[in-house]
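Morning, everyone. I have one structure to walk through today. Please bring it up on your screens.

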Amino acid sequence: MFRKLMTASTPTTPNPSADEDRVLVAKARRGDEDAFRALVEKHLARVVGVARAYTRRRSDAEDIAQETWWKVWRKLDTFREGASFTAWLYRVTINCASDWVELRSNRRHTDIEEFERLPVADDTVSPLTGMAKAEFAKAVRDAIAELPEPFRSSIVLREIEGLSYEEISEITDVPIGTVESRIFRARSRLKAVLEARGLRP
Amino acid sequence: MNCDNALHLLGLEHDGRLPASDRRRLDDHVASCTACAAEKRWLARLGDVAGSLVDRETPPDLAARIAAGATGPGTRERTPLRAVPLLRTAAAFLLVLALGGVVGYGLGDDGRPVEAAPSVVQRDEAAFRTLLKDRLDLASPDIERLVEIRRRHDALLADVERRRAEARSELERAEIRELWNALPEAARGRLAAIDPHFVPAPTERR
């Protein structure tokens with residue numbers, strides 16, 4: 001219901017990239033492997049970028065990408081004509097990455113309840129004194145990877161992929177108000193994790 | 001403006017969604033509030049490092065390998081995840097032989113929805129048959145049995161995915177309902193004017 005409302009209020013603008021996707025998807029659905037390969041080449045970096053936020057190792061991100069495209073090929077027939085291929089691809093990627101984390105790690109993410117029990121950082125701790133930006137970035141990446149869903153996907157899509165609330169709403173299939181709430185809470189939790197580790201951003 | 005309002009607006013400002021009408025009030029509050037000023041710095045720092053987290057680097061041949069692996073006859077150069085279903089399928093095969101036709105239930109996860117149109121599904125099933133025949137050297141009855149196991153598992157998986165989608169949808173509705181019910185009566189009208197997405201269906205209101 002909410003998706004319909006949101007979609008109705010979103011102005012449509014010409015999108016050559018989306019049009020190209022539609023053509024490639026239509027061909028791939030008919031079994032055109034060249035068209036499918038073109039889709040992979042066009043969107044692989046996007047898939048790897050999201051997967052990378054879920055894992056610490058690049059090779060793991062490639063595994064997730066491999067799994068994602070395998071599912072895309074198998075599920076092309078269920079892709080709704082006229083919908084955004086990019087949004088659908090993000091959704092498949094997030095599901096694959098989440099499943100991968102669940103399957104491959106032994107509770108690498110922290111449950112919501114655990115966040116509530118995290119200690120509050122000591123105010124006297126130095127705010128990143130002497131810490132290189134790269135180290136801080138690594139700490140942020142690790143903290144994001146440990147966020148529970150749906151906060152993890154929300155922060156990845158917003159902060160790393162740089163998507164708009166409207167795009168995230170379409171991908172995650174929730175109202176914009178929920179997207180806003182999730183991103184707000186994800187940032188709060190991210191900050192809490194970093195503070196609990198002695199980092200005061 | 002209190003700090004709760006300011007924190008909310010700082011998030012919107014960070015995402016470029018701060019209403020112009022709130023700009024002045026927010027700036028005034030942040031100028032006089034240490035905690036909110038620190039929050040603003042944190043968001044800036046997060047935005048700063050987020051750019052460096054983007055890592056899309058891939059080996060030059062990855063796209064070609066992935067495309068070939070997805071559309072090929074079930075074999076891929078690097079298949080850590082798909083190796084599991086393959087082993088499970090092989091285990092099902094052995095079980096079939098050992099028990100004289102008693103098949104394992106729920107083996108052969110492949111993620112394919114049963115409602116998929118024939119083109120890709122049939123091509124994939126043909127590839128699976130080729131794999132069983134050419135690489136595992138199986139006889140026709142055994143192949144049919146394994147294909148049937150796979151189909152059955154596909155149906156189970158499609159059902160799980162459907163239930164999962166329904167559960168997620170119900171949770172979202174519950175969230176909206178709970179938020180709405182927790183609001184003071186006077187605020188509901190204002191919220192409805194700001195964002196109709198938060199208004200639950202009439203039958204779901206308390």
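Of the contacts in chain B between residues at least 6 apart in sequence, what percentage join residues at least 24 apart? The figure is 52%. Keep in mind that this is a predicted model.

Let's stay with chain B. It has eight helices and zero strands. Read along the sequence, the pattern is α-α-α-α-α-α-α-α. The chain has 206 residues, and 39% of them are buried. Its accessible surface is about 11,600 Å². Carbon and sulfur atoms account for 57% of that surface.

Now the inside. The largest nonpolar core has 80 residues. Among those with the most contacts inside it are Phe36(A), Leu44(A), Trp69(A) and Phe85(A). Which helix gives the largest share of this core? That is helix H5 of chain A, residues 85-104, with eleven residues. Domain 1 of chain A (13-108) and domain 2 (109-201) both give residues to the core, so the core lies between them.

Take Leu44(A) from that list. Leaving out residues up to four places away in sequence, Leu44(A) touches Ala65(A) and Trp69(A) in chain A. It also touches Thr58(B), Leu62(B), Ala63(B) and Ile66(B) in chain B.

Apart from the largest core lies another one, of eight residues. Its members include Phe128(B), Leu131(B), Leu132(B) and Leu138(B).

One more residue in chain A. Leu147(A) sits in the loop between helix H7 (133-146) and helix H8 (151-160). Is Leu147(A) buried or exposed? It counts as buried, because its relative accessibility is 0%. Now find Tyr54(A). Leu147(A) and Tyr54(A) are 93 residues apart in sequence, yet their C-alpha atoms are 9.5 Å apart in space.

Next, the cysteines. How many disulfides does the structure hold over all chains? Zero. Cys3(B) is in no disulfide, and its nearest cysteine sulfur, that of Cys33(B), is 3.6 Å away. Cys3(B) is partly exposed, at 33% relative accessibility. Now Cys36(B). Its closest cysteine sulfur is also in Cys33(B), at 3.7 Å, and that is too far for a bond. Cys36(B) is buried, at 2% relative accessibility.

Last topic: charges. Side chains of opposite charge can pair when their charged atoms come close. Over all chains, the count comes to 26 salt bridges. I'll show three of them from chain B.

Start with Asp61(B) and Arg65(B). Their closest N and O atoms are 3.3 Å apart. Asp61(B) is partly exposed, at 39% relative accessibility. Arg65(B) is partly exposed too, at 23%.

Move on to Glu148(B) and Arg151(B), which meet in a salt bridge of 3.5 Å, N to O. Why are they about one helical turn apart? Because they are three residues apart in helix H7 of chain B, residues 140-182. Glu148(B) has 35% relative accessibility, so it counts as partly exposed. Arg151(B), at 36%, counts as partly exposed as well.

The third pair is Arg188(B) and Glu185(B), with closest N and O atoms 3.3 Å apart. They are three residues apart in helix H8 of chain B (residues 185-194), so about one helical turn separates them. Look at how the two partners sit. Arg188(B) is buried, at 12% relative accessibility, whereas Glu185(B) is exposed, at 61%.

Finally, a network. Salt bridges that share partners join Arg52(A), Arg58(A), Asp55(B) and Glu57(B) into one network. That's my tour. Thank you.

Conventions:
Residues numbered from 1 in each chain as written. Chains lettered and ligands numbered in written order. Predicted model: local features only at pLDDT ≥ 70, side-chain atom pairs only at ≥ 80, totals over all residues. Heavy atoms only, no water. Helix = DSSP H or I, 4+ residues; strand = E, 2+ residues; numbered from the N terminus. Buried < 20%, exposed > 50% of the residue type's maximum accessible area, 1.4 Å probe, protein only. Contact = heavy atoms within 4.5 Å. Areas by Shrake-Rupley, 256 points an atom, 1.4 Å probe, with all protein chains shown as cover. Core = buried A, V, L, I, M, F, W, Y, C linked by side-chain atoms within 4.5 Å. Domains from an automatic or database assignment. Disulfide = S-S within 2.5 Å. Salt bridge = Lys/Arg side-chain N within 4 Å of Asp/Glu carboxyl O.
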